[in-house]
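Good morning, colleagues. I would like to take a few minutes on one helix and on the chain that contains it. Please look at the screen with me.

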Amino acid sequence: MIWNHKDLISIQNLEREEIENILEMATSFKEISTREIKKVPTLRGKTVVLLFYEPSTRTKLSFEIAAKRLSADTVSLSVSGSSFEKGETIMDATRNVMAMAPDCIIIRYPYAGTPERLGKALPCSVINAGDGFHEHPTQALLDMYSIKERFGRLDGLNIAIVGDIMHSRVARSNVYGMKKLGAKVVLVAPRTLLPVGVEAWGVEVSSDFDPIIPDMDIIMMLRVQRERMKQCFFSDEREYTVFYGLDMPRIKKMKPDAIIMHPGPFNRGVEITGDIAYSPRSVIFRQVENGVAVRMTLLYLYLGGAHVD
Amino acid sequence: MWIKSARIVDPGQQLDFTGNIHIEKGKIKAVEKASSPMPGTMHEEVIDARGLWVFPGIIDMHAHLREPGYEYKEDVYTGSLAAAAGGVTTVVCMANTEPINDNPSVTKYILDKAEEAGLVRILPAGAVTKGQEGKVLSEMGLMKKAGIVAVSDDGKPVEDTSIMRRALEYAATFGLLLISHCEDRRLSEAGVMNEGALSSELGLPGIPSAAEEVMVARDTIISSYTSCPVHITHVSTQGSLEIIRNAKAKGIKVSCDVTPHHLLLDETRLYDYDTNAKMYPPLRTGADRKALLQGLASGVIDVIASDHAPHARDEKDLDFDVAPFGAIGLQTLLPAVLRLHFDYGLGLMQVLSLVTVNPARLLGIDGGTLKPGSRADITIVDPSTNWTLSEDMIMSKSKNSPFLGETFRGEVVYTICNGQIVYRKNGI
C-alpha cells in the first residue's frame with residue numbers, strides 16, 4: 001500500500017479507506033506479539049524519538065514496545081510542562097532533537113496545534129500522541145480496532161461516549177473516526193462538559209445517560225478529572241457518579257453482547273466501579289494490548305517502505 | 001509645495017474632484033479644482049499626482065508602539081516608520097508600556113521620542129487607572145497638559161464598575177475620550193480564540209462572544225447613567241454592535257471602532273494554528289464579520305483602527321495557547337480600507353471618513369481634513385497598483401501580520417506630515 005502522509009496529526013485528515021487499511025494491517029502485526037521471539041527487523045536502523053511533555057504510562061510504553069518489536073531504536077524524553085515553561089520555544093527544543101537525525105518524532109503535548117506546526121517545520125515524520133483537547137489519533141485507531149475485533153465492523157453500531165467530552169482529545173478523535181466508519185455516536189455529559197458547538201459534529205448529544213443505555217453496543221467511559229470540580233464544571237464526585245457513573249444497575253440494562261471501554265487511566269468509584277473494569281463486558285485491557293499492534297502498523301506505514309514523498 | 005492634478009477625496013468637506021493642493025508652512029493653503037490657473041511655482045516642490053488619489057493623512061486611533069519598556073517589539077521610531085509607510089500621519093499610542101503611561105513624565109518621554117523620530121504625529125493615550133490596575137484613577141489632567149488625547153487601560157478592562165463610572169466622569173472633566181477595552185476576564189478566562197464549533201474542533205480554549213458583550217452593555221449603561229461619552233474599541237461581535245446600535249438610537253454618547261482584521265478575516269484563519277492570527281478580541285465567526293461589514297455600511301461604526309500590536313518572533317513562535325495576543329497593522333490599515341472600497345462596494349468617501357475626519361472629531365484633534373488652514377497631513381496613493389505583503393516590506397520591528405502573503409490594491413506613494421514628505425515610495 002502506498003501511504004501518502006508524512007505526519008499523523010488527526011483522524012479528521014484520514015479517509016475511511018485509510019482507516020480501514022490500518023485496522024486490517026494491525027491484525028497481522030498483532031500476530032508478531034504472540035511469537036516466541038517478538039521482534040522483526042522491519043525498521044532496523046530507524047530512530048524513533050518519543051517526546052512526552054505530559055505524563056503518560058500506556059501510550060508511551062505502547063509506542064516504545066511497538067517501535068522495539070519492529071527493531072527501531074528509541075530515545076525517549078519526558079519533560080514536565082511545556083518547553084515554554086523552560087524558557088525555550090518548542091522549535092528550539094526540537095532543533096536539538098533533530099541533531100540526532102530521527103526518522104520519526106512521537107509527541108504528546110499539553111497544547112493543541114503544536115504537533116501540527118512541528119510536522120510542517122520538520123523533515124521527519126511527526127506522530128501526534130495527544131495534543132491539548134485537540135486529537136489523540138492513535139488512541140482512536142486502537143479503540144476502533146478493538147471494536148472491530150469484537151463486532152467485526154463499526155457500521156451501524158451504536159456507541160455512547162460518556163463523560164468529560166469538552167476536555168477530551170480521545171472523544172474528538174473517536175467521533176471523527178467512528179463516524180467515518182459508519183457508527184452512530186451519542187455523547188453523554190452534563191451541559192458543562194459538552195463542548196460549545198458540539199452539534200456541528202454530527203452526533204447525538206444527551207445529558208441523560210439512563211434512557212440510552214439499552215440501545216448501545218458500546219459504552220465508552222471517559223476519565224473525569226477531579227480538578228474540573230474546582231473549576232465548577234460539576235458539583236462533586238458523589239453527584240457525578242449518580243448521574244454519569246457506570247455501575248452494576250446500569251450494566252444490567254445493557255444489551256447482552258454490549259461492551260465497555262475506557263481509554264484509561266480510570267478513577268475507580270467515579271466514572272466506573274473497579275469490578276466493572278474487570279468484568280467480561282470490559283475490553284479495557286484488550287484496548288491496551290491492541291494499542292501495540294496498531295502503533296506497530298502506524299510506525300510501519302510512516303517509517304517503512306510504504307511511505308512515498 | 002503643490003500637489004497637482006490629483007483626485008482629491010476629503011470626507012471632512014465632502015470633496016471629491018480632480019484638482020491641486022497648495023501647502024505652505026505646514027498648513028493647507030488652498031484646495032482647488034484643476035481648472036484653476038496654476039500660479040508660478042518654479043521655486044516650490046511640485047508633486048505630479050496625475051492618476052493618483054489624495055486623502056487627508058490617515059489617523060490610527062489605536063496602536064501599541066511599545067516604548068518605553070518593550071523596545072525589542074517596537075519603538076516610537078520604528079512605529080513611526082511603519083506608520084509613514086502605511087500613509088498614517090497620526091498615531092494614538094496606547095498606555096500599556098513599561099512603565100505604564102499613567103503620569104506626565106512618561107507622556108513627555110514618549111513625545112520626546114516622537115519628536116526625535118520626527119516622522120508622523122504621535123499622540124499618546126494615558127492610562128485610566130494607575131498601573132492599569134483598575135483601582136486608582138491616573139493623573140488624567142496633568143497628562144492632558146503633557147499631551148495625551150485620550151485615556152485607556154487597553155489590554156485590560158476596567159473591571160470594577162464603580163471605578164469605571166468615576167473614570168468616565170473624571171475623563172469627561174478634562175474633555176478626554178475614554179477608550180474602553182471590553183472583556184469580562186472571568187468569562188474569557190484561559191481562552192485563546194473565539195468560542196464555538198471551531199474552537200471545540202481545534203481543541204483550543206474559547207473566548208465567548210458574551211465576554212465582550214456583557215462589558216459593552218455595562219459601559220453603555222454607565223455612559224447613559226453618567227451622560228459621559230465612552231468609546232468602545234475593537235468591537236468584534238454581532239451582539240456588541242447590536243448593543244451599540246440600540247444605545248446610539250437612544251442618544252447615549254457611545255462610539256466605537258473595529259479593526260481591519262475583524263473586517264477582513266474570520267476564525268477559519270486559525271485552521272493552521274497561525275499565531276499571527278491570535279489576537280484579542282479573537283477573530284470571530286463569518287456571521288460576526290458580516291455584521292461588522294453591515295455596521296460600516298449603516299454607519300454604526302465610527303472608526304477603523306489598526307490595534308497595531310507588535311510581538312517578537314520568539315514570542316509568536318510559542319505554542320498557540322501561550323503565544324501573546326496581537327497583530328501588527330499600521331501598514332495595512334489604509335490598504336484594508338481601500339479593499340473595503342474596491343471589493344466590498346463601500347463608498348470611498350464613507351470608508352475614508354472612518355480613518356480621517358471621524359477619529360479627529362472623536363479625539364478633538366486637528367487634522368483629518370484638507371480644509372484650508374488645517375495641518376498639511378496628506379496621504380497619496382496609487383489606486384492602480386497591486387502589491388503583496390511580505391516580511392521584508394514591513395517597517396515594524398515585529399513581523400506578526402495576519403495579512404502576510406495577501407495582495408492589496410492601492411499603494412501609498414507619498415506620506416506628508418506637517419507639510420514634510422515623510423515617506424516616498426522607492427523609485428519615485
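At the start of helix α4 of chain B, a side-chain oxygen of B:D160 comes to within 2.8 Å of the backbone nitrogen of B:S162. I should say at once that this is a predicted model.

The helix itself runs over residues 161–173 of chain B. At 1.5 Å a residue, its 13 residues should span 18 Å, and the end C-alpha atoms are indeed 18 Å apart, so expectation and model agree. After the helix comes B:G175, with a positive phi, near 65°.

Which residues of α4(B) are buried? They are B:I163, B:M164, B:A167, B:L168 and B:A171. These residues cover an arc of only 140° around the axis, which means that they lie on the same side of α4(B). The spacing fits a general rule: an α-helix has 3.6 residues a turn, so residues three or four places apart point the same way.

What covers this buried side? The cover includes the helices α3 (140–146) and α7 (209–226) of chain B, together with the strands β9 (150–152), β10 (177–180) and β13 (230–232).

Let me now turn to the chain as a whole. Chain B comprises 14 helices and 18 strands. Its radius of gyration is 21 Å, close to the 22 Å that the globule rule gives for 428 residues, so chain B is as compact as a globular protein of that length. Of those 428 residues, 63% count as buried. Finally, among contacts in chain B between residues at least 6 apart in sequence, 74% join residues at least 24 apart.

Thank you for your attention.

Terms used: Residues are numbered from 1 along each chain as its sequence is written. Chains are lettered from A and ligands numbered from 1 in the order in which they are written. This is a predicted model: local features need pLDDT of at least 70, side-chain atom pairs count only at pLDDT 80 or more; totals for chains, interfaces and linings use all residues. Side-chain values use heavy atoms; hydrogens and water are left out. Helices (H or I, at least four residues) and strands (E, at least two) are DSSP runs, numbered from the N terminus. The expected span of a helix is 1.5 Å times one less than its number of residues. Buried means under 20% relative accessible area, exposed over 50%, partly exposed in between (1.4 Å probe, protein chains only). The arc is that of the directions from the helix axis to the C-beta atoms. Contact means heavy atoms within 4.5 Å. A polar contact is a pair of N or O atoms within 3.5 Å; within protein, one must be able to donate a hydrogen and the other to accept it, and residues adjacent in sequence count only if both atoms are side-chain atoms. The radius of gyration is taken over C-alpha atoms; the globule rule is 2.2 Å times the number of residues to the power 0.38.
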